[in-house]
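Biologist: Please take a close look at one part of this chain for me. I would like to hear about the nonpolar core and what surrounds it.

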Amino acid sequence: PNLASYKRTIAIATTHVWARSLTEQEIIEAVRRGRGYFAFEIFGKTDGFEFGIEDGVRLWLPGDRIKFNDDLSIQIKIPDPEKTKPSRAKKTTKILITQNGQPYVERSGLRAGALIKIKIATAGIYGVEVTKNNKPWIFSNSIIVE
């Protein structure tokens with residue numbers, strides 16, 4: 001196969017945004033606000049990946065700034081690139097939640113499709129890195145908790 005094909009090249013590194021709709025204006029706004037993540041989709045599709053901070057009422061996304069309170073939790077949904085049932089998927093995924101660029105919480109042996117919630121103890125800048133089969137896979141933009 002052609003190593004420089006468009007399909008192969010685009011699969012190596014992709015940028016995704018969470019936009020309200022697929023209009024040009026909404027996509028530009030999502031990019032401007034930092035509502036996105038970078039992925040090496042050569043290791044698996046990232047459809048269904050979620051990263052946010054919630055308080056039981058509202059969900060904030062990367063690019064948001066929020067005030068700290070005792071009800072905040074990080075919420076991450078692991079993609080299921082093979083579209084298999086989570087109960088049958090192999091445990092090959094690891095997440096690293098960072099706070100201010102330093103490791104905060106690490107979870108490994110996660111199944112595709114898993115939903116993880118981690119309580120936030122202090123203010124900081126939170127992001128997430130996901131590896132699959134010990135290979136770099138997904139890197140989110142951050143959420144600032146003041």
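Modeller: Here is the core, followed by the strands and the chain as a whole. The model is predicted, so to speak of local features we need pLDDT of at least 70, and side-chain atom pairs count only at pLDDT 80 or more, while totals for chains, interfaces and linings use all residues. Residues are numbered from 1 along each chain, and side-chain values use heavy atoms, without hydrogens and water.

A nonpolar core is a set of buried Ala, Val, Leu, Ile, Met, Phe, Trp, Tyr and Cys residues joined through side-chain atoms within 4.5 Å. Buried means under 20% relative accessible area, with a 1.4 Å probe and protein chains only. The largest core holds 28 residues. Phe 49, Ile 53, Ile 74, Ile 76, Ile 95 and Ile 97 touch the most other members. Strand β10 (residues 124-132) gives the most to this core, with 3 residues. Strands are DSSP runs of E, at least two residues long, and helices are runs of H or I, at least four.

Take Ile 76. Leaving out residues up to four places away in sequence, Ile 76 touches Phe 49, Ile 95, Ile 97 and Val 128, among others. Touching, or contact, means heavy atoms within 4.5 Å.

Now the strands. The chain has 2 helices and 12 strands. An open antiparallel sheet has the order β4-β3-β6-β9. Strands pair if DSSP finds at least two bridges between them. β4 (59-60) and β9 (115-119) are at the edges with a single partner strand each, so one side of each lacks a neighbour in the sheet. Strand β3 (residues 50-54) is joined to β4 by 2 bridges. Glu 54 is opposite Leu 59 in β4.

Overall, 39% of the 146 residues are buried.

Key. Buried means under 20% relative accessible area, exposed over 50%, partly exposed in between (1.4 Å probe, protein chains only).
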